[in-house]
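Q: Could you walk me through this structure before I get to the bench? I would like to go over the cysteines, the charged pairs and the sheet.

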Amino acid sequence: MPMPLALPDIEDEVLLARYPFLPQGREHMRQVLESNGITVEDLIEAPWLEDVRTRGRLRLLESVMHKDGADIATTVDLSTEVGRMTEVLSFLHAMLVVCASFNERLLARWIEGEATRADQLFGMDSGNFELLARSYFSDIREQRNGRGDDSVFWIPMADFIELCPRISGTYWHLANRPVRGGWVCMNPGAGENSRQRTARLLKERIRENLSESCVERMDKMSEEFAALFADPVERITGLLSERVEAEMPLTAAVREDWPPCFESAISELNQGVNVNHVGRVFLAAFSRAIGMSQEQASSFFVNAPDYSADTTSYQVNQIYERGYTPHGCAALKTGARCPVQPGDDRLCDQEWMTHPLKYLRVKQRSRYREGSRSEEEPEVESDEPKAANS
């Protein structure tokens, strides 16, 4: 992993408070605890640190429950020593709660929320961006164009090759990036300037760094210590369970959950039927919505009578990059892509069933509840006599 061999020094305490997840932040947290005479036990229960815990709970809630990650705005005044201490220790408190849960889903959502927040903040921080980037990349170069925010950043190919496969979109294909002497140009793209594009790549390294840090803490955390966080863990995991059920974990969709319109489009293409434009756009957009990769979506079109690998790849990529929303039931009926007649499917007959994603939500929610009930059912001892040992 081409992380920097030596981390750049960051002495600005405001910067360390704004970005407590930085690799340099761990030592800074220790210094904040020591200089204020705070123990981890104090962080858990000391009355005078209630504001820290409140801020930590809010940050944790935002990271886990909001689709776009934690709010980049903060009401904490980082110009004051108390404000900086609150921001740093609230992050630590939130991290400890997540680690004490030993809940992989909670951990993944918290990391994603914090990484998304970092991505947005880094993209806005022109004054400190190069210093922040050097904390995660092996190196970085800035090509100034002399026109305000028009600078273009270049990063080592090793960093780009490691991180780009985790991001979808043609921009992130090495063949589409200018390369010069082992350096990759992060020029503007997808409505973002060069700094924002580079920050998107940094997000992957931040996610990786947070994951490693949390796993390390969890490996060292005893059951007794984890039990000290029982109350906040119970609250956040309860909220997460409600959210998972409500928003439907689309990426966990199985074929039995698919709506008839999606199933029929795939079936027709497999049989070489020339599915119309509405059906093809719907198929790709729905695939994106349920978390399938572009390669998976493109594979559905292989048997189409007019199949072209390059054309299909381009058109599917356009739908994914632009975030197309799948057609609703009314649009599918108008476009002759609804295969269901009254009485064919009980769910489709419901008056409120207006979108294929609703169909999927109902199917998944039903499966989720059935799974939860089966886990809660106690084991019943068999009435059959046990065989005697011979």
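A: What follows is a short conversation about those topics, and the model shown is a predicted one.

Q: Cysteines to begin with, then: how many disulfides are there?
A: The count of disulfides in this predicted model comes to zero. Cysteine 99, for one, is in no disulfide, and the nearest cysteine sulfur, which belongs to cysteine 214, lies 4.0 Å away from it.

Q: And why is that pair left out of the count?
A: Because a disulfide calls for two cysteine sulfur atoms within 2.5 Å, and the sulfur of cysteine 214 is 4.0 Å away from that of cysteine 99.

Q: Is cysteine 99 buried or exposed?
A: Cysteine 99 is buried, its relative accessible area being 0%.

Q: What about cysteine 348, which sulfur is nearest to that one?
A: For cysteine 348 the nearest cysteine sulfur is that of cysteine 338, at 6.4 Å, and cysteine 348 is in no disulfide either. In terms of accessibility, cysteine 348 counts as partly exposed, with a value of 28%.

Q: Changing topic, how many salt bridges does the structure hold?
A: It holds 26 salt bridges. One of them brings together the side chains of arginine 26 and glutamate 216, with an N to O distance of 3.5 Å.

Q: Where do those two sit along the chain?
A: They come from distant parts of the chain, 190 residues apart, with arginine 26 in helix H2 (residues 25–35) and glutamate 216 in helix H9 (residues 194–220). Arginine 26 is partly exposed at 38% relative accessibility, and glutamate 216 is likewise partly exposed, at 32%.

Q: Which residue does glutamate 50 meet in a salt bridge?
A: Glutamate 50 meets arginine 57, and the N to O distance there is 2.8 Å. Glutamate 50 is partly exposed, with a relative accessible area of 31%, and arginine 57 is partly exposed too, at 30%.

Q: And what does arginine 337 pair with?
A: Arginine 337 forms a salt bridge with glutamate 268, and their closest N and O atoms are 3.1 Å apart. This pair again links distant parts of the chain, 69 residues apart: arginine 337 is in the loop between helix H16 (329–334) and helix H17 (356–376), while glutamate 268 is in helix H12 (residues 260–270). Arginine 337 is buried, with a relative accessible area of 9%, whereas glutamate 268 counts as partly exposed at 24%.

Q: Which residues are joined into a network by salt bridges that share partners?
A: Arg55, Arg59, Glu87, Glu114 and Arg117 are joined into one network in that way.

Q: Now the sheet: in what order do the strands run?
A: Four strands form an open sheet in the order E1-E2-E4-E3, and their pairing is antiparallel. Strand E1 (141–143) and strand E3 (179–180) are the edge strands, each pairing on one side only.

Q: How many bridges hold E1 and E2 together, and what stands opposite glutamate 142?
A: E1 and strand E2 (residues 152–156) pair over three bridges, and glutamate 142 stands opposite phenylalanine 153 in E2.

Q: Which helix lies across E2?
A: That is H9, which lies across both E2 and strand E4 (183–186) and runs at about 30° to E2. H9 is also the helix that contains glutamate 216, the salt-bridge partner of arginine 26.

Q: Last one, threonine 312: where does it lie, and what does it touch?
A: Threonine 312 lies in helix H15 (residues 309–321) and counts as buried at 10% relative accessibility. Leaving aside neighbours within four places in sequence, threonine 312 is in contact with Ser298, Phe301 and Tyr307.

How values were computed: Residues numbered from 1 in each chain as written. Predicted model: local features only at pLDDT ≥ 70, side-chain atom pairs only at ≥ 80, totals over all residues. Heavy atoms only, no water. Buried < 20%, exposed > 50% of the residue type's maximum accessible area, 1.4 Å probe, protein only. Salt bridge = Lys/Arg side-chain N within 4 Å of Asp/Glu carboxyl O. Contact = heavy atoms within 4.5 Å. Pairing = 2+ DSSP bridges. Axes fitted to C-alpha atoms, helices over the stretch in contact; angles between N-to-C directions.
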